[in-house]
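Colleague: Could you take me through this model slowly, giving the reasoning behind each term you use?

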Amino acid sequence: MTRSSGSPVSPIAPVASERLLIRPSGPLRGTAVVNGAKNAALPIMAACLLTDEPSIIERVPHVTDVVTMIEILRQLGVSVSFADGRLSVAPGRYTGTAAPYDLVSRMRASVCVLGPLLTRQGKAQVSMPGGCVIGPRPIDLHLKGLQALGAAFTIEHGYVVGTASGLRGGRVQLGGAFGSSVLATANVMMAATLAEGVTTIEQAACEPEVVDLAHCLIGMGARIEGQGGPVIRVEGVSRLRGAHHRIIPDRIESGTLMIAAAMVGGDLTLEGARAEHLGAVIDKLAEAEVVIEKLDSALRVRAAHPPRAVEITTLPFPGFPTDLQAQMMALMAVGRGVSVLTEKVYPERFMHIGELNRMGAAITREGSSAIVKGVERLSGAPVNGSDLRASAALLLAGMCAENQTELTGVEHLKRGYQNLEEQLVRLGADIQRIS
Ligand code: EPZ
């Protein structure tokens, strides 16, 4: 396997011993600029493998997951450089077909190189992604979809090994027990762009990140329609040109900042936040009596008192996003009344309940639901973030807890947030990073 060159990307994975000291904060005031969406950037970086021409991707967030994906591309023999949000990818005639265990085990999203490698190289080896704290992370829908296009898979020594002698378009069903799959839709859509004939993906994921990937692929010369809906049609072409694409703003970062303002009060303007990506979130925050105003290219969020309790069920887009469930639970922990949060995408995604209860929250789990009795005030405590969104939720909780909260597991935050704590400090939060 030839590892390509490329200037080293500044490491951002903080040392695991780093902690955040969070004190009562707020109200938050001012403007924050929303970064590019990690979950759009990752599949779009994989899409650069579909051509040997160079690609330029703008507004790529500087987060650990992006750095991991850069490493995977380099391991495949692709030259990558990254600075100030601008990613330059020069695949050339790369020959690699394997995404190694140590990188895939760090980031499950590595699985989205399967589709591009199979359709371009006819071979792909990706380590079986392990489970993670939010629950099992199967890839059966990915394999089912790619098999429908003619790929064959074996499992060898913990690796999924795929082969394909020229993919052919077909009809693919991607509905699973928990709805569609975002990255399986991405994998099949990317593979279909160079397959022979027409592919129809039924029960496709409708997330904005899938739409952004489709727009990027269309800019490369792919023929795709229906993206954003449950049926996507792809007509294969013989080759694609390099991408020139600007990543959409991160709706989960936007939602996290909106919930922060709802928790500690304030008047916050989110530059770049898109209302059409946050319909369910805006609806639920409005129900909780948070005032949200749609501006030209921003959202304004105002809150002056504790939120009213709401009932939330997480669902695939356009439903309430599972990636904001933990943050919403932190908000409801200081809400007026009893809230119920039901998790339909990852029913095990409740690691944050125990940590929030250590801070004085009153949350009980009933299967895939959490009953949250709002309390007057949380109390600061040492807590540990188990995953990316749980760490964000505990950071927000610390901002509206008495005394001081010491948050470990900070390395998870950097996986998906370029500068969350810096943004919050600039808006008035009292957060200190200590090693
Ligand atoms: C994407 O993961 C996001 N990650 C996740 O964000 C997000 O939570 C998830 O979509 C749901 O919105 C990226 O885009 C990089 P899925 P993905 O396949 O595509 C089951 C974050 O915090 N399933 O849509 O891996 C699966 O177990 C991360 O940024 C199968 O059963 O999620 C889950 O219950 C966390 N078989 C549901 O479908 C499969 O083959 C949705 O998973 C694939 C998935």
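Modeller: Let us begin with a term: a residue is called exposed when its relative accessible area is over 50%, buried when that area is under 20%, and partly exposed in between. Please keep in mind that this is a predicted model.

Colleague: Why is aspartate 84 called exposed?

Modeller: Aspartate 84, which sits in the loop between strand S4 (79–83) and strand S5 (86–90), has a relative accessibility of 82%, and because the cut-off for exposed is over 50%, aspartate 84 counts as exposed.

Colleague: What makes glutamine 203 partly exposed?

Modeller: Its relative accessible area is 44%, and since partly exposed covers the range between 20% and 50%, glutamine 203 is given that name. Glutamine 203 belongs to the loop between strand S11 (198–202) and helix H7 (208–219), and has a positive phi of about 55° although it is not a glycine.

Colleague: How do you know that the ligand lies between domain 1 and domain 2?

Modeller: Domain 1 (19–35 + 249–434) and domain 2 (38–246) both give residues to the shell around the ligand, and therefore the ligand lies between them.

Colleague: What makes the pair formed by leucine 141 and the ligand a polar contact?

Modeller: A polar contact needs a pair of N or O atoms within 3.5 Å, and a backbone N or O atom of leucine 141 is 2.7 Å from an oxygen atom of the ligand, so the pair qualifies. Taken alone, the ligand exposes 820 Å², of which the protein buries 91%.

Conventions. Residues numbered from 1 in each chain as written. Predicted model: local features only at pLDDT ≥ 70, side-chain atom pairs only at ≥ 80, totals over all residues. Heavy atoms only, no water. Polar contact = N/O pair within 3.5 Å; in protein donor to acceptor, adjacent residues only side chain to side chain. Areas by Shrake-Rupley, 256 points an atom, 1.4 Å probe, with all protein chains shown as cover. Domains from an automatic or database assignment. Helix = DSSP H or I, 4+ residues; strand = E, 2+ residues; numbered from the N terminus. Buried < 20%, exposed > 50% of the residue type's maximum accessible area, 1.4 Å probe, protein only.
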